[in-house]
Amino acid sequence: MPRTLSVHVNDETLHAITVETRSFETAGAFDIELVNHGRAVHVHLNLMEGLERGATLEATNHFVETETVRRVALDVVDGALPASGKLKIVTGYGAETAYVDVTAREAENSVDAVDIDETLAEPGGTADTDVDRQTDARSLLPTPLAKSAPVVALAGVALFVALLAATVVDAMFALFGLAVVLVGVFAAGAILVRG
């Protein structure tokens, strides 16, 4: 789990910024936690003085709702660490500004490492499980009825619209249109049944 840098806004006055630490060091990526103690606010984050070469933000402008917490991920660029510089935090469109010195270094893989031996490369399972897998895969294939369900639904809608038109208009050409739609639906049904 990445470390977290907490930034408190609107805690004393409107647009006030309070950072828990002026210097932050981390191994790899980390989260910036924007804690809003007052009214909704826009918080602008900017990477400066070399930090931008080793880290990225998904966006720089963040809207933080009234009395909520918003987490912003600061990701690292592969092969660009260690990197250090400043994180600039701005609220109120420049009314308040704070800086945090940030140093990001390569993460150590001691906790997340997985030991793999040669037994992983050996095939496992039996022929029975392969047959079961094939049977399970066949059961996932769509049935002919499932493939034709949209066509049947569309035919039902077409019949309903044609019948409604013939009823409302009460004219000979509407009845002719209904007959054409019926012939089309029966032809489509015959094609689906055959194959």
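Let's start at the hairpin of strand 9 and strand 10, where four residues sit between the strands and Gly92 takes a positive phi near 60°. Keep in mind that we are looking at a predicted model. The two arms of this hairpin, strand 9 and strand 10, run antiparallel and are joined by nine bridges. One pair to find on your screen is Gly85, which stands opposite Val102 in strand 10.

Strand 10, residues 96–105, has another partner as well: strand 3, residues 23–27, runs parallel to strand 10, with five bridges between them. If you look for Thr26, its bridge partner in strand 10 is Ala104.

Now back to strand 9, residues 83–91, and to Thr91 in that strand. Is Thr91 buried or exposed? Its relative accessibility is 1%, so Thr91 counts as buried, the cut-off being under 20%. The side chain of Thr91 reaches the backbone oxygen of His15 at 2.6 Å. What else does Thr91 touch, once we leave aside neighbours within four places in sequence? Besides His15, there are Val9, Ile17, Val41, His42, Val43 and Glu96.

Let's zoom out for a moment. The protein chain has four helices and 10 strands. Along the sequence, the order is β-β-β-β-β-α-β-β-β-β-β-α-α-α. Of the 195 residues in the protein chain, 27% count as buried. And if you take the contacts between residues at least 6 apart in sequence, 62% of them join residues at least 24 apart.

On to the open sheet. Five strands make it up, in the order 2-1-4-8-6, and the pairing is mixed. Which strands stand at the edges? They are strand 2, residues 17–19, and strand 6, residues 55–57; each has a single partner strand, so one side of each is left without a neighbour in the sheet. From one strand to the next, the twist averages 25°.

At the strand 2 end, three bridges join strand 2 to strand 1, residues 3–9, and the two run antiparallel. Val7 is a handy marker here, as it stands opposite Val19 in strand 2.

In the loop between strand 1 and strand 2 we find Asn10. Asn10 has a phi near 60°, a positive value in a residue other than glycine. For context, most residues other than glycine have a negative phi. There is a second case of this kind: Glu67, with phi near 50°. Glu67 also sits in a loop, this one between strand 7, residues 61–64, and strand 8, residues 69–76. How do their surroundings compare? Asn10 is buried, with a relative accessible area of 7%, whereas Glu67, at 61% relative accessibility, counts as exposed.

Now the inside. The largest nonpolar core has 24 residues, and Ile32, Leu87 and Ile89 touch the most other members. Strand 1, strand 2, strand 4, strand 5, strand 6, strand 8, strand 9 and strand 10 each give two or more residues to this core. Which element gives the largest share? That would be strand 5, with four residues. As general background, nonpolar side chains tend to be buried together in soluble globular proteins.

Let's take Leu87 as our guide to that core. Leaving aside neighbours within four places in sequence, Leu87 is in contact with Leu5, Ile32, Leu45, Asn46, Leu47, Leu51, Ala98, Tyr99, Val100 and Val102. You'll recognise Ile32, another of the residues that touch the most core members, and Val102, the residue that Gly85 stands opposite.

Last stop: helix 4, residues 172–194. How far apart should its ends be? At 1.5 Å a residue, its 23 residues should span 33 Å, and the end C-alpha atoms are 33 Å apart, which agrees.

Which residues of helix 4 are buried? Among them are Ala174, Leu178 and Val185. It helps to recall that an α-helix has 3.6 residues a turn, so residues three or four places apart point the same way. Val181 lies in helix 4 too, and at 25% relative accessibility it counts as partly exposed. Not counting residues up to four places away in sequence, Val181 touches Ala158, Leu159 and Ala162. The C-alpha atoms of Val181 and Ala155 are separated by 8.6 Å, with the two residues 26 apart along the chain.

That's the tour, and I'm happy to take questions.

Key:
Residues numbered from 1 in each chain as written. Predicted model: local features only at pLDDT ≥ 70, side-chain atom pairs only at ≥ 80, totals over all residues. Heavy atoms only, no water. Pairing = 2+ DSSP bridges. Axes fitted to C-alpha atoms, helices over the stretch in contact; angles between N-to-C directions. Buried < 20%, exposed > 50% of the residue type's maximum accessible area, 1.4 Å probe, protein only. Polar contact = N/O pair within 3.5 Å; in protein donor to acceptor, adjacent residues only side chain to side chain. Contact = heavy atoms within 4.5 Å. Core = buried A, V, L, I, M, F, W, Y, C linked by side-chain atoms within 4.5 Å. Expected span 1.5 Å × (residues − 1).
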